[in-house]
Amino acid sequence: MRDTSKSTRQPWLLSSPSVALFLGLLVVPLALTAILSFNVFDAMMGTQDSYTFGNYLEILTDSYYYELFLRTALMAGGVTVLCILLGVPETIILSRMGPRYQGIFFVMILGPLLISVVVRTLGWSIMLGREGLINQSLTSLGLIGEPLQLMYSMTGVVIVLTHVMLPFMVIAVWTTLQKLDAQVADAARSLGAGSWTTFRRVILPQLLPGILSGSIIVFTLSASAFATPALIGGRRLKVVTTSIYDEFLHSMNWPLGAAIAVLLLIAIVAVVMGSNRYIERKFKQVFT
Amino acid sequence: MSTLTIRNLAKTYPPNVRAVKSIDLDIKSGEFVSLLGSSGCGKTTTLQMVAGFVAPSAGQVLLDGKDITYLDPDKRDMGVVFQSYALFPHMTVAQNVRFGLEMRRLPEAQIRERVADALSMVRLDGLDRRYPAELSGGQRQRVAIARVLAIRPRVLLLDEPMSNLDAKLRGEMHVELRGLQKRLGITTILVTHDQVEAMTMSDRIAVMANGTIAELGTPQEVYDIPSTEFAFNFLGQSNTVTAKVLSHDEASTQLRVGSSTIRTPRRNGGLSDDVRLFIRPERLTLSSPEAGMITGRVATRLFLGNTWTYEIDCDFGRLRVIKVNTRGGQPQEGELVGISWNEADMQSASGELADA
């Protein structure tokens, strides 16, 4: 009898620190944000104690917000596609390197994560400016007549976000690549497949789960990224996160900001769960 | 079918690792040859060079007289069964088997026929919609075999294909695979470290050591009358005894081991030279001390069901004797016994170690 009560109490006891952390730092603030999003806001009086669906109605009926969410989705989608196109070949090349170079290049790939977001982003803004390194090089090479508009543009934000997000894709693909049996490629070759067919029909399908999970990470982090869109995109290129920030700190319309934040969360969770279900259905038999 | 000729094949990995020093091997059409050796002897590298996965540093591989040394693996028409089976995990059994046929751009009807044929050959009918992860180890191996048989390869290359199977299944697969190979008449190379596997399946065995072939012959030849000491010790069990030459006559040589004098067929060598003698434990017979050619005392005996293994202390060292278990009196531990043998079963080598 005593044993059973002990065995039911013990897991709770042992997990209580992490449960407390989880509740205090995630669940409570999220719940408060959700409640806040239903508060009435008055331009003169600020946040009121009464509740309404008005904030959501305002967002769902205004085409400005649709554009905002669409732009954010395009940005996150663009970053994800670029990360796949760059990250998959990069990981394959990395996996074929000798152990010494592999170490060096791994650190280089993880580099963006090791640098403070402010330093990294300001560095990029120097590179991307009208008089920046990229524009100067391209102009003096005669490739372009006019400097490109990279700062405060979608192109700039996508470039910089891709730079930071790439390590997540590389790590995710790397993990699946390590599980791959090297002999499988040899088997395909000896059965008559050329190297491209081998990649397309044998290697790539096995990397898909890794690519998809990497994409989920990259998409989620890009859609909710704040510092990069704020510093590179500025006021000209608003995305969901920067407009939430503006609602909170400039318009002081906290309830509306909270409502946008809740919708962003719902959108991201929907994307993640949708892709997860897709992966599970598609690859259930393959990796058990 | 096809003949395969390997000439002076060598592989050196940088900086200076000579994985394969020089291999010469002629494999007749429909012949089953095993490359037998312990790990690191170069047997797998040799197979990979034949398959085209590794480019040789020197030498040639000829298939039906045509030089294929540097040909891409997809143009060789060889079927490889890997140790890990290397099935495509994202494809069903049927998709795995038809992969090679699709690469050959065969018409759909023919592909279906050949997939069905190959699967029934390895007795896997009805499992064609399963994924590899849903199969047992033995079934996976059958899929790997079906996958290469379907393309009707000119040469079948088997890279330790049985090493992940349990002992009983392995024994069954030896018989089954050998049967298939004979029926289809496919020229086959098997790489293995398992002596039993090599002996039961092969027409010829190439015993490999240090990147070369140390011994080549039929299983009986390499077991019974190997030309190198290495092969004698590597295959099966053996007793090694050092003896001194006492005298020669026309037909035989007298040698001294411990306090006994024994005879072997006439061999060269000066008087009082050291000679090493080899004999397999199952070629020694036990008798009463008076009837034996030498005597010794039973140190231990192990019962293995069908046989007894005796360790017998003689005055020159310990001998191992393997005796078939016939019910009746077996010598006890501590008992003095005589040991005899047929002189033709004893091999000898000169003093220095014959390097394999």
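Q: Leaving aside its neighbours within four places in sequence, with which residues is B:Thr5 in contact?
A: This is a predicted model, in which local features need pLDDT of at least 70 and side-chain atom pairs count only at pLDDT 80 or more, while totals for chains, interfaces and linings use all residues. Residues are numbered from 1 along each chain as its sequence is written, and chains are lettered from A and ligands numbered from 1 in the order in which they are written. B:Thr5 lies in strand β1 (residues 4–13) of chain B, where strands are DSSP runs of E with at least two residues and helices are runs of H or I with at least four, numbered from the N terminus. Taking a contact as two C-beta atoms, placed from the backbone, within 7 Å, the partners of B:Thr5 outside those four places are B:Asp26 and B:Leu62.

Q: Into which exposure class does B:Thr5 fall?
A: A residue is buried with 20 or more other C-beta atoms within 10 Å of its own, exposed with 12 or fewer, and partly exposed in between, the C-beta atoms being placed from the backbone. B:Thr5 has 16 such atoms within 10 Å, so this residue is partly exposed.

Q: What share of the residues of chain B counts as buried?
A: Chain B holds eight helices and 20 strands, and its C-alpha atoms fill a box of roughly 75 × 50 × 35 Å along the principal axes. Of its 356 residues, the share that counts as buried is 38%.

Q: How far apart are the end C-alpha atoms of helix α5 of chain B?
A: Helix α5(B) has 18 residues (167–184), and the expected span is 1.5 Å times one less than the number of residues. That gives an expected 26 Å, and the end C-alpha atoms agree with it, since their separation is 26 Å.

Q: Which residues of α5(B) are exposed on the side away from its buried residues?
A: The buried residues of α5(B) are B:Met173, B:Leu177 and B:Gln181. They cover an arc of only 60° around the axis, the arc being that of directions from the axis to the C-beta atoms, and therefore lie on the same side of the helix. Those buried residues pack against β3 (32–36), α4 (137–150), β7 (155–159), β8 (187–192) and α6 (195–201) of chain B. On the other side, the exposed residues are B:Lys168, B:Glu172, B:Val175, B:Gly179 and B:Arg183.

Q: At what angle do α3 and α9 of chain A pack?
A: Helix α3(A) (residues 63–95) and α9(A) have axes 9 Å apart, and their crossing is right-handed. Among the residues that meet are A:Met75 and A:Val79 in α3(A) and A:Leu207 and A:Ile211 in α9(A). Axes are lines fitted to C-alpha atoms over the stretch in contact, with angles from 0 to 180 degrees between N-to-C directions, and the angle here is about 140°.

Q: Which helix supplies the largest share of the side of chain A that touches chain B?
A: The contact between the chains takes 18 residues from chain A and 21 residues from chain B. On the chain A side, α8 (182–190) and α9 (195–223) each supply at least two residues. The largest share, six residues, comes from α8(A).

Conventions:
A crossing is left-handed if the near helix is turned anticlockwise from the far one by less than a right angle, and right-handed if clockwise.
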